[in-house]
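User: I'd like a walk through this model, one feature at a time. Could you give me the general idea first and then the case at hand?

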Amino acid sequence: MNWIANYVRPRINSIFSRREVPENLWTKCDECGTMLFHRELSDNLNVCTNCSHHMAITPRERFTALFDAGNFAEVTVPDPIADPLQFRDQKKYPDRMRAAQKSTGEKDAMLVALGEIGQTPIVAAAQDFSFMGGSMGMYVGNAIVKAAQEAVRLKRPLILFSAAGGARMQEGILSLMQMPRSTVAIQMLREANLPYIVVLTHPTTGGVTASYAMLGDVQIAEPNALICFAGPRVIEQTIREKLPEGFQRAEYLLEHGMLDRVTDRNDMRDELISITRMLMLLPPPVKGHLTGPEEAAPNAIEVAKAPAKADKQPAKK
Amino acid sequence: MTHYLDFEKPLAEIEGKAEELRAMARVSEEMDIEAEAAALDHKAAALLKDLYKKLSPWRKCQVARHPDRPHCSDYIDALFQEYTPLAGDRKFSEDEAVLGGLARFNDRPVMVIGHEKGNDTSSRIQRNFGMARPEGYRKAVRLMEMADRFGLPVITLVDTPGAYPGKGAEERGQSEAIARATETCLQIGVPLVSVIIGEGGSGGAVAFATANRVAMLEHSVYSVISPEGCASILWKNADKMREAAEALRLTAQDLLKLGVADRVIPEPLGGAHRDREATIASVSDCLTKMLGDLDGLKPKALIKDRRDKFLALGSKGLAA
Ligand SMILES: [Zn+2]
């Protein structure tokens, strides 16, 4: 089996040591201006402790907080053709890709993983806004197709965290074709009667919103996330008027019937456990802190030879 | 009155001169200009041929947007019998940017759906320049589902700058409407064939063109973003649309290579608007062929055909 590239067991608060950020670093909240101690901010999942502003969080940070004891197995996404159109604007596309890969340490804008949340086996996919604006190209399409195939194969729900400025222009029409491609993936889940839950995070726009991000059985958004097809600036230019406060934000979409819920990032995990377990007809979740099979030593990242046992059987408790 | 594109300016001068000469000759009968006018005609024909021999991607965008280009309603009038428009999404309103209804194509009952841009100021406003609002996609979903229930093939004619960047369109969930339309395209068990007749603008086009077979007119374009939009984002300068059009690979010829288009329909020399009847006849032939390709396929096979096609897209780049 090649679907598990490596079995990662990061510990809670892995973010600092991995990035080797000095402990005394402070971050300024871009909403209220409060200076936030880095560790405190990270413990709060990058949500401002003063004003609850939700800042960006990388897929790895999110998965570490989401999965039981931070354990997850990354799923290998099939590589698409690199630079299919030989696209060049002011820079060459391969150069932009290399720069993004270097600054994020990721291959492309989506991470797919297997693991358990509240002892509920799931497949999760998360889009990485820090990688070229999370833009949807062939890799992201492949990631969604792979995630859906894994969900169907393992009979698990798929939880997808969206974040994107839209389609990846450097892949031209092939990025646009990820709208129908990802929709085929969602139809596979539907036919297998598996829940597909979308968590829309800031920002989710363009062709991403107009395809897989709006097709969830349950649609949840993080507070104040911008969710739209056409962005506010484009609309203001078209209609030549100022848009009202909060237009196209999560709460606005909730009011207009486009979402089921708006949920704080710190409550998201419990809510996802609850919803997936109900839709999978599983008994209520066990409350409290769940440790992994063995608590990992701090700072340890292991690459296991075999896939995790825990991933192979659905938890029944 | 012919509408000339900027790159056709030299052509406009020659054709204008020939016309002027003939007008003068009609006034004063003793003038013999025919030889001179014929020479100009000849010159114009040569120039037209030269200009259209290898149109740049940006010029193709201009031709695709040409105001005199045949639009959806022209095709419906010419190619379909008993066209019976069906209106409304049953949720909020009718969207006049999207035409749709029952009709016969070669005697066979079909559902025809397409974007209509309009052909003068008032009809353009009425049609919102071919930019659908959520109701347009929802109407299309309703008609596609009806076609599915009664076993009618669906023919879509795509010609839109894109979805409408308006306040109400966002308020009423155009993202969801586009996503559902694409999804419906993928799950109906009847043949779905599509022709890009002018502009295939991003999500607004995908919502109708997620089809078993997609044909493009020779000078039509299909793109993730308009060249102007792409230029303003990647070049930070909307005037770089020529470069953006080049980079985006949005021409029918490139899309055929990438497998996004299955067929390219030749246009008359100088573009579809120079011989509308010939263009419409070519589209008719192509539709007949595409529907013929799908004859006898059962609903499940049609759905599988569509899904396999889109899943496989991207496996070949332009270099291959
Ligand atoms: Zn704050």
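**Reading the model step by step**

Analyst: Sure. Let's start with an annotated stretch: over residues 39-293 of chain B, the chain is 48% helix and 19% strand, with end C-alpha atoms 46 Å apart. UniProt, in an unreviewed entry, puts the feature "domain: CoA carboxyltransferase C-terminal" at those residues of chain B. Bear in mind that this is a predicted model.

User: What pLDDT does chain B average, and what does chain A average?

Analyst: The general idea comes first: where pLDDT is low, the predicted coordinates should not be read in detail. Chain B averages 95, and 99% of its residues score at least 70. Chain A averages 87, with 83% of residues scoring at least 70. In chain A, pLDDT is below 50 over residues 1-20, a stretch that has 44 contacts beyond near neighbours in sequence. Residues 293-317 of chain A are below 50 too, with 34 such contacts in the model. For the complex, the predictor gives an ipTM of 0.95 and a pTM of 0.90.

User: How many residues of each chain are in contact with the other chain?

Analyst: On chain A it's 42 residues, in contact with 43 residues of chain B. Helices α5 (138-154), α6 (172-176), α7 (178-191) and α8 (232-239) of chain A each supply at least two residues of the side that touches chain B. The most comes from α7(A), with 6 residues. By class, that side of chain A has 27 nonpolar, 12 polar and 3 charged residues.

User: Now helix packing. At what angle do α3 and α11 of chain B pack?

Analyst: Generally, two packed helices are described by the angle between their axes and the distance between the axes. Here, α3 (residues 57-64) and α11 (residues 241-248) of chain B pack at about 95°, with axes 7 Å apart. Angles of 65 to 115 degrees count as roughly perpendicular, so α3(B) and α11(B) are roughly perpendicular to each other. The contact is made by B:P57, B:W58 and B:C61 of α3(B) with B:M241, B:R242, B:A245 and B:E246 of α11(B). That contact has 5 nonpolar, no polar and 2 charged residues.

User: And at what angle do the axes of α4 and α13 of chain B cross?

Analyst: Roughly 70°: the axes of α4 (residues 72-79) and α13 (residues 276-293) of chain B come within 10 Å. By that angle, α4(B) and α13(B) are therefore roughly perpendicular to each other. From α4(B) the contact takes B:D74, B:Y75, B:A78 and B:L79, and from α13(B) it takes B:R276, B:I280, B:V283 and B:S284. As for the spacing within such lists, an α-helix has 3.6 residues a turn, so residues three or four places apart point the same way. The residues of the α4(B) and α13(B) contact divide into 5 nonpolar, 1 polar and 2 charged.

User: How far apart are the end C-alpha atoms of helix α4 in chain A, and what span should its 12 residues have?

Analyst: Helix α4 of chain A (residues 93-104) should span 16 Å at 1.5 Å a residue, and its end C-alpha atoms are 16 Å apart, which agrees. Just after α4(A) comes A:G105, with a positive phi near 75°.

User: Which backbone details should I look up next?

Analyst: Try the peptide bond from A:H202 to A:P203, which is cis with omega near -20°. A:P203 sits in strand β8 (residues 196-204) of chain A. Then look at B:D107, which has a positive phi of about 75° although it is not a glycine. You'll find B:D107 in the loop between β2 (98-105) and β3 (108-115) of chain B.

How values were computed
Residues are numbered from 1 along each chain as its sequence is written. Chains are lettered from A and ligands numbered from 1 in the order in which they are written. This is a predicted model: local features need pLDDT of at least 70, side-chain atom pairs count only at pLDDT 80 or more; totals for chains, interfaces and linings use all residues. Helices (H or I, at least four residues) and strands (E, at least two) are DSSP runs, numbered from the N terminus. The expected span of a helix is 1.5 Å times one less than its number of residues. UniProt positions are given in the numbering used here, feature names are shortened, and annotations may be inferred rather than shown by experiment. Two residues are in contact if their C-beta atoms, placed from the backbone, lie within 7 Å. Ala, Val, Leu, Ile, Met, Phe, Trp, Tyr, Cys and Pro count as nonpolar, Asp, Glu, Lys and Arg as charged, and the others, Gly among them, as polar. Axes are lines fitted to C-alpha atoms, for helices over the stretch in contact, and angles run from 0 to 180 degrees between N-to-C directions. Angles under 35 degrees count as roughly parallel, over 145 as roughly antiparallel, 65 to 115 as roughly perpendicular and the rest as oblique. pLDDT is the predictor's confidence in each residue, from 0 to 100.
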